[in-house]
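Please examine the structure below together with its sequence. The paragraphs that follow lead from single residues to a helix and then to the empty spaces.

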Amino acid sequence: MHILAICLISIFQATLDNGLRVVLEEDHSSAITTARIFIDVGSVYETENTGRGLSHFCEHVVSGGTTPFRTEKQYEELEKRFGARTNAYTSWEVTCYHTTVPSDYSDSAIMMLMEQVFSCSLDSFEISREHGVIHHEILTSDTPDERVWDAAFVFFFGNHPLSVPILGLEDAMLSITREDIYKFYCARYSPSNAVLVAVGDFQTSELFEFIEKQAQKFHSRPYLPSTVPSPPQYSHPRTDTVFEDIPHPLVYMMWNGAQKTADDYDALSLLSQYLTGGQSSYLEKLLVEEKELSFETWTYNMGLRRMPGAFVVFNASPDMEKLHNAVGVIQREIDRIAAGDIDEARLSRTKNLIRYSLLKEWTAGTKAQLIGDGMLTSNDPLYFQNSIEKYSRITSADLSEISQRLLSSSKRQTFFALPSALKEELIPNERYSGQIPFTLHEREGSPALLSQRTPGSQYVSMLVTFGGGSRVDPVGAEGTCRVISEILGLKTTYMNSDRFSEKLDELGISRRSSCSDDYFYIYFDFPLENFDSAVELIGKAISAPDFSDQGTRDAKKSLSFEIAQSSTNPNYLHGKFFRNNFFPQNTYNRYPDENSMAEISRENLEKLYREIKSSGNVVVAITGDVDPEKAQKALSANFPALNAGSSLASGRPVENIYPRSDSLIYEFQQTLVTYAFKTVPWGHPDGPALLILDELLSGANSRIHDALRGRQDLVYWGWGYQASYGDAGAFIFISQTSQKNQDKVKEAYLAEIERVKTELLSQEELDNLRNAIFSSWDMSEQDQLRRLFRYSFLYLMGQPPDYYSSNLSPSLESLTPEDILDAAVLYFDKGYWFISRPDNSDY
């Protein structure tokens with residue numbers, strides 16, 4: 001059965017038995033028909049394949065490609081006969097195939113489009129050819145302007161898929177195999193994940209009957225829904241700079257935006273038009289004509305269907321001084337709007353401009369595009385055509401409110417792109433110069449405070465970190481720190497449980513905890529207006545944790561489901577097996593089970609908590625618009641008194657690491673292979689060289705990935721990484737594979753390790769690896785929790801807050817290719833295999 005809905009203005013909408021949504025609009029203004037098939041997948045929805053450009057690659061192969069019905073050549077001949085204009089495109093969120101033909105060929109053109117999209121043969125020759133085509137496309141897009149645009153997206157979106165070019169990264173794209181394309185195509189190109197739109201000179205009933213009949217050739221199949229996490233949200237300002245071969249300095253002023261379906265998106269779109277829309281562009285007149293500070297300025301409200309985007313103001317200026325002045329002028333104009341200073345006449349003109357653009361005579365292609373976008377956004381073909389009414393309801397007060405809430409200078413991300421010629425003239429900025437630094441405050445009898453003041457931020461984030469983690473759990477009671485972290489800040493003798501939970505909600509306090517080998521932490525965030533009350537509540541709760549028998553039972557009970565799930569997770573069991581055999585027992589193990597949890601008593605908890613506090617093993621990190629002196633006084637008044645001492649995280653040396661190769665037979669079908677080497681702990685002089693090897697061998701574009709997935713499809717996942725645990729270290733290669741591929745995986749690891757021990761990196765390779773590490777650090781700074789944890793961890797390890805920029809960065813900069821080779825030879829000498837696998841299985 002298909003579901004029909006007849007819409008106004010001659011739009012016909014239906015859903016076919018195979019799930020394909022069809023929208024038809026008769027338009028007899030000219031004798032043509034435009035047809036488009038929209039697939040609900042784009043570059044941000046490629047999940048583990050992000051960076052490979054699979055959506056774009058698939059578009060190249062599918063568009064006009066061979067099917068079981070016709071060859072590529074036959075489709076080309078038909079298109080010539082019909083006079084068809086056929087093409088396709090891939091964006092962040094959608095892949096679209098479209099054709100325009102004389103209306104006499106409407107049926108045939110739509111039939112061809114459906115065949116190509118839903119039954120592509122994925123011919124090996126065509127795939128091989130498209131490698132070269134796309135590679136050329138990537139190379140020709142490598143212009144200074146494109147590099148600046150890409151760099152701005154990396155700066156703003158960090159490690160989110162939006163920071164990756166739609167075309168994919170060169171090496172990652174070249175590694176795509178037919179198997180990769182086949183899996184992606186099957187998972188995404190189901191009719192039920194698509195919309196077919198046709199606009200033109202046809203009879204709806206006749207065309208729909210034809211489409212319905214053709215659709216019977218293409219059965220629906222399960223598909224992978226398009227999902228992606230939200231981009232980073234900023235509550236503090238950041239600045240960064242790149243140098244490129246561009247003629248003039250540029251700046252991108254960027255703020256978090258809104259999702260397309262949100263009211264904020266429409267208000268931001270109207271604001272964008274108010275600032276730079278039409279022939280009388282407000283900012284352009286001010287900056288280019290009146291003040292002569294700029295060559296060009298424009299705004300861009302980037303919104304997406306499933307996530308917020310960015311609000312961007314671009315400006316190009318003759319020189320650096322004028323560029324900085326332009327930034328100040330732009331922010332002042334936005335602040336004026338936030339304060340309610342809005343030209344009502346200009347606002348009215350702006351609304352009319354938007355209305356005119358939506359009322360003008362559309363081409364068939366424009367109509368089809370808007371219909372498809374509306375269907376994908378809200379399953380409404382008129383979603384965007386009806387936006388005139390939404391814009392008409394937006395008031396000057398709405399623009400003021402959204403400017404104040406979203407576009408303040410305290411939330412602005414400022415990205416400068418400067419001509420390379422200026423690089424020598426300017427004093428190099430220290431790395432992280434765009435970050436508001438953390439400062440350390442220590443006062444006797446109070447926990448150490450790391451403070452990052454972010455003016456204008458209305459929220460406070462607080463991380464309370466305790467050194468030690470599972471490493472100081474009592475012998476035979478693994479999981480003690482995990483239970484402590486569950487109790488702290490949640491279960492307290494300071495107030496009964498129900499009232500305490502209510503108080504957390506009253507003050508808007510959210511809480512979460514985590515435990516690792518060297519530390520455990522409790523993370524809180526709450527509104528700035530409740531700072532004093534929140535710190536008092538949190539501090540007194542941490543001072544008086546409920547370690548009673550009942551409190552201990554409640555905490556273990558709340559963890560029981562998590563522990564029970566772990567026992568059915570082969571990755572968890574393999575991790576425990578590996579650590580138990582690589583490190584001394586109860587040294588670096590964070591894998592409790594029901595038996596070890598049962599042994600934990602209130603005495604265990606009280607003893608360990610006393611030891612942690614008496615060792616000065618606590619640090620509090622705060623970010624928000626909070627005066628550090630005020631924060632320090634609040635901690636002194638409410639948090640437990642602490643003695644000075646060294647961190648337990650690094651204060652218990654491991655006398656001997658006694659790894660041995662071993663195998664585990666279990667009931668799961670996955671085979672997990674780990675190859676591990678003893679290396680060095682945090683802060684060791686060889687650490688920077690191991691970081692370079694980590695970057696070389698790990699990640700989606702790494703040698704290990706290429707060896708295991710690119711050249712041979714040996715694993716489901718696999719990588720290598722350097723890990724430091726207090727006073728020990730390990731370089732760990734791990735992969736999940738099948739038992740029949742186990743030996744091939746081992747051979748691949750051995751080959752790649754031998755390669756890094758015998759082949760000298762080029763200076764260019766080393767520079768690229770170093771830059772990738774710096775970039776990953778910059779990305780991690782964008783995540784509030786990771787930023788707070790990084791500086792807390794540095795403190796517990798006895799390092800200053802600026803350790804990365806003042807110590808580690810210079811060490812990385814000084815490395816040579818010979819240093820990397822020496823480190824590989826030294827540390828990749830004796831490895832240990834740990835295999836977890838099913839018994840007597842060829843899986």
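The model shown here is predicted. A suitable starting point is Leu-697, which has a relative accessible area of 0% and therefore counts as buried, since the cut-off for that word is under 20%. Leu-697 belongs to helix α24, which covers residues 687-697. Although Leu-697 and Ile-753 are 56 residues apart in sequence, their C-alpha atoms are 8.9 Å apart in space.

Two serines may be considered next. Is Ser-543 buried, exposed or partly exposed? Its relative accessibility is 31%, so Ser-543 counts as partly exposed, because this value lies between the limits of 20% and 50%. Ser-543 is found in helix α18, formed by residues 531-543. When residues up to four places away in sequence are not counted, Ser-543 touches Asn-638, Phe-639 and Pro-640. With respect to Gly-729, Ser-543 is 186 residues away in sequence and 34 Å away in space, taken from C-alpha to C-alpha.

Ser-103, in turn, sits in the loop between β6 (95-102) and α3. Its relative accessible area is 14%, so Ser-103 is buried. Which residues is Ser-103 in contact with, leaving aside its neighbours within four places in sequence? They are Ala-31, Ile-32, Thr-33 and Asp-201.

The discussion now turns from single residues to a whole helix. Helix α19 consists of 18 residues, numbered 549-566. At 1.5 Å a residue, this helix should span 26 Å, and its end C-alpha atoms are 25 Å apart, so the two values agree. The helix also bends, by about 40° at Ser-560.

Which residues of α19 are buried? They are Gly-551, Thr-552, Ala-555, Lys-556, Leu-559, Ile-563 and Ser-566. A general rule helps in reading such a list: an α-helix has 3.6 residues a turn, so residues three or four places apart point the same way. The buried residues of α19 pack against four other helices, namely α16 (480-487), α20 (570-582), α21 (594-598) and α22 (602-614).

Empty space is the next topic. Rolling a probe the size of a water molecule over the atoms shows where such space is left. The structure contains 4 cavities of 30 Å³ or more, and the largest cavity has a volume of about 50 Å³. Its lining is made of Glu-79, Phe-82, Ala-84, Thr-86, Thr-99, Ala-109, Met-112, Leu-113 and Gln-116. Two or more of these lining residues come from each of α2 (72-82) and α3 (106-118). The greatest share is that of α3, with 4 residues. Sorted by class, the lining of the largest cavity has 5 nonpolar, 3 polar and 1 charged residues.

Pockets, unlike cavities, are open. The second largest pocket holds about 790 Å³ of space. How many residues line the second largest pocket? There are 32, and those nearest its centre are Lys-260, Tyr-265, Leu-370, Asp-373 and Phe-384. The elements that each give two or more residues to this lining are α9 (263-276), β10 (296-302), α12 (344-359), α13 (364-378) and α14 (387-393). By class, the lining of the second largest pocket comprises 15 nonpolar, 11 polar and 6 charged residues.

Key: Residues numbered from 1 in each chain as written. Predicted model: local features only at pLDDT ≥ 70, side-chain atom pairs only at ≥ 80, totals over all residues. Heavy atoms only, no water. 1 Å grid on protein atoms, 1.4 Å probe; cavity = no way out; pocket = protein on both sides within 12 Å on 5 of 7 lines; lining within 4 Å. Points joined across faces, edges and corners; volume = space filled by probe spheres on them. Nonpolar A, V, L, I, M, F, W, Y, C, P; charged D, E, K, R; others polar. Expected span 1.5 Å × (residues − 1). Bend = angle between axes of the 7 residues up to and from the residue. Buried < 20%, exposed > 50% of the residue type's maximum accessible area, 1.4 Å probe, protein only. Contact = heavy atoms within 4.5 Å.
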